[in-house]
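Visitor: Could you show me how to read a protein–DNA surface and a chain–chain interface in a model of this kind?

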There are 2 protein chains.
Amino acid sequence: MPTIQDVARRARVSTATVSRVLSTPGVVSEATRERVMAAVDALGYEPNYAAKSLRTLRTAKIVVTVPDISNPFFSSVIRGAEEAAQAAGYSVLLGDTRHSTEREEQYAGMLRRKEADGLIFLGHRLPNTLAELIGRQGARAPVVNGCEFSPDLGVSSAHIDNAAAAAEAMDLLYGLGHRIIGVITGPLASPISRDRLEGVRASAGRHGAETTLRIATGDFSVESGEREAQGLLAGGDTPTALFCFSDEMAMGALAAARRAGRRCPDDLSLVGFDDIRFARYLDPALTTVSQPMEELGRTAVALLLDILAGRQTAARSVTLPHHLAVRGSTGPARR
Amino acid sequence: MPTIQDVARRARVSTATVSRVLSTPGVVSEATRERVMAAVDALGYEPNYAAKSLRTLRTAKIVVTVPDISNPFFSSVIRGAEEAAQAAGYSVLLGDTRHSTEREEQYAGMLRRKEADGLIFLGHRLPNTLAELIGRQGARAPVVNGCEFSPDLGVSSAHIDNAAAAAEAMDLLYGLGHRIIGVITGPLASPISRDRLEGVRASAGRHGAETTLRIATGDFSVESGEREAQGLLAGGDTPTALFCFSDEMAMGALAAARRAGRRCPDDLSLVGFDDIRFARYLDPALTTVSQPMEELGRTAVALLLDILAGRQTAARSVTLPHHLAVRGSTGPARR
DNA sequence: ACCAATGGTGAAATCGATTACATGATCCTA
DNA sequence: TAGGATCATGTAATCGATTTCACCATTGGT
């Protein structure tokens, strides 16, 4: 593999000139530039990345950690992040943490080893390593939260207005005449779950239905949706509608409802959250809160790039628009 | 950020000794080792990664390219790959190529810039950059194919026996009495599509049903599944069963069938491919060819690590076991 | 015709680690 | 007790780029 020395020798210039041709072509004379480029092409030279990185202290890489990449919500956010990063000349180091703190810390360590310039985390937990970093550098720390806004972390983030979105979903159900509504949340450690729950409660309050809320705690997975829905639908005085904090859980709930002999939307209305690609292909098509998933990823990267460019002084939180996609899984409550 | 010099100074040893303590502790005396470790801890030292990489010519990174990370099949394979890489001390650079040759080439370039030690590609196209590399280095080129086996590429790969799997799926349908069967393939440029089609034809031949095969070409996406199914189900003499080369397409087909007033499995049997997490949650639960997706990723990484360790002399292709998961979407043909 | 400004280029320091080789101390053996 | 073997450590070269500074050659103004 040829080095800059080889190119310099072949073009009969110094390595300084070769470097200039490649990074600041303007300051080099036309003739030399051509000679150097000819040598570069002839040798198939590509600058060694490690050497460049060592000298410039930049890696052009960002770490993105997710609790589970096979979750369609996360993989869509990642997709947006990858796109924006790529467009800005960065590459993405994927960190699938599998909900493990240890792995989270491990990936956070890449920042200290200068293995990456910045980090975006899509979970809700802030690894200690990063907390320290933020303690030292404040808003200049190259860390952004991808989708779970938590103001107390002091980290920039991209997200939707989860409380408002959840309230809208509940408003829809109350508007359809439902009174007893089951809600399957995500883990309550997660701020998005708490925000959404707050929106749920606000809507219930407006409709005088605080006492007929049935709340169950899931973990966003299909399995937990199925399990919790089964619980909510057992016994008498059961909900006529379910609101799940993820589409995956709604899929599970749909299966549970079927097994319980409840038909959707006739016997049970169902609302999900995220609007993953498959939501509209369920039977019935799932009514859900539509999040701009790829845009969340792109925005998180934009925030990070601002920090890396020194354009950022205080933690910034960007709220992106959502909308309620009303489809076939919701209908009027049967009396 | 402290350097090895700082640690050496503080521990009153040379940088060489510090380096040895960290990488080959055995050769250093107990006392010095403790002194150095104390300095390391006190300063919070972490070796600078770029410097290490420049010196050792190793990056401890592998690139994994996928046509679309938001596709559950690919994200599961990636998940397995990330796990195995992490376990071996490597990290994964994610390349979402969005089916673009240009982006594929770009990621392949990371190998030439020594930005990564190896590359796994999950698509079926071999970028030129890699083809050249393989031309020069043969089986020692650090390149592995993740799921689409193509012997002519001269690249190691992990995959299932696609022809056999497809044949089993068809055998099931013929066994249930179906005669006219629609098949929605992936792009025929992709070897897995061709292999599966071959299996389909073999089974049809065994059942004397070559002339009642109805073949349509999709692109693995839900949308294409819906579109092609709609075509196959229009007009008279339509198939009583559909076999789709991906679960996503099967989801689309299911929606199309519903719209055409065909109930599954009563009026139409449906078989998918991959067994993504959601397959069993469809209504009816989808009969599908179950691929060991995470294991495919892990195996691809294992193959790559073998190459990187110099343990590999010829391209190796590993066939992993699959099985047919028979669920509710298939049933006897109505006469 | 001289001086200053400008433009193009090269020499060499530098980034922060690893490692081949040299060195000195200690120990064992003949 | 001399000699070699063994062990622990240090010196310094090295990986391959970027960039500061110095230098020389033009150019233009007075």
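Guide: We take the DNA surface and then the chain interface, bearing in mind that this is a predicted model.

Visitor: Which residues are the closest to DNA strand C, and how many surround it?

Guide: One begins with the list of neighbours: 27 residues surround DNA strand C, and the closest are A:T17, A:T32, B:I4, B:S19 and B:R55. Of the atoms of DNA strand C that come within 4 Å of the protein, sugar and phosphate account for 59%. By class, this surface has eleven nonpolar, nine polar and seven charged residues.

Visitor: What lies 2.3 Å from a phosphate oxygen of DNA strand C?

Guide: A polar side-chain atom of A:T32 lies at that distance, while on chain B a side-chain N or O atom of B:S19 is 2.4 Å from a phosphate oxygen of the strand, and one of B:Y45 is 2.9 Å from a phosphate oxygen. The elements that give two or more residues to this surface are α2 (15-23) and α4 (49-56) in chain A, together with α2 (15-23) and α4 (49-56) in chain B, and α4(B) gives the most, with five residues.

Visitor: How many residues does each chain bring to the contact between chain B and chain A?

Guide: Chain B brings 55 residues and chain A 54, and between them the chains bury about 5,400 Å², 53% of it on carbon and sulfur atoms. Across the interface there are 20 salt bridges, among them one in which the side chains of A:E83 and B:R98 meet at 3.6 Å, N to O.

Visitor: Which strands pair across the two chains?

Guide: Strand β2 (residues 91-96) of chain A pairs with β2(B) in the antiparallel sense over three bridges, and A:V92 has B:L94 as its bridge partner.

Technical notes
Residues are numbered from 1 along each chain as its sequence is written. Chains are lettered from A and ligands numbered from 1 in the order in which they are written. This is a predicted model: local features need pLDDT of at least 70, side-chain atom pairs count only at pLDDT 80 or more; totals for chains, interfaces and linings use all residues. Side-chain values use heavy atoms; hydrogens and water are left out. A residue is near a molecule or strand if one of its heavy atoms lies within 4 Å of it. A polar contact is a pair of N or O atoms within 3.5 Å; within protein, one must be able to donate a hydrogen and the other to accept it, and residues adjacent in sequence count only if both atoms are side-chain atoms. Helices (H or I, at least four residues) and strands (E, at least two) are DSSP runs, numbered from the N terminus. Ala, Val, Leu, Ile, Met, Phe, Trp, Tyr, Cys and Pro count as nonpolar, Asp, Glu, Lys and Arg as charged, and the others, Gly among them, as polar. Contact means heavy atoms within 4.5 Å. Buried area is the accessible area (1.4 Å probe) that two parts lose on being put together, summed over both. A salt bridge is a side-chain nitrogen of Lys or Arg within 4 Å of a carboxyl oxygen of Asp or Glu. Two strands pair if DSSP finds at least two bridges between them.
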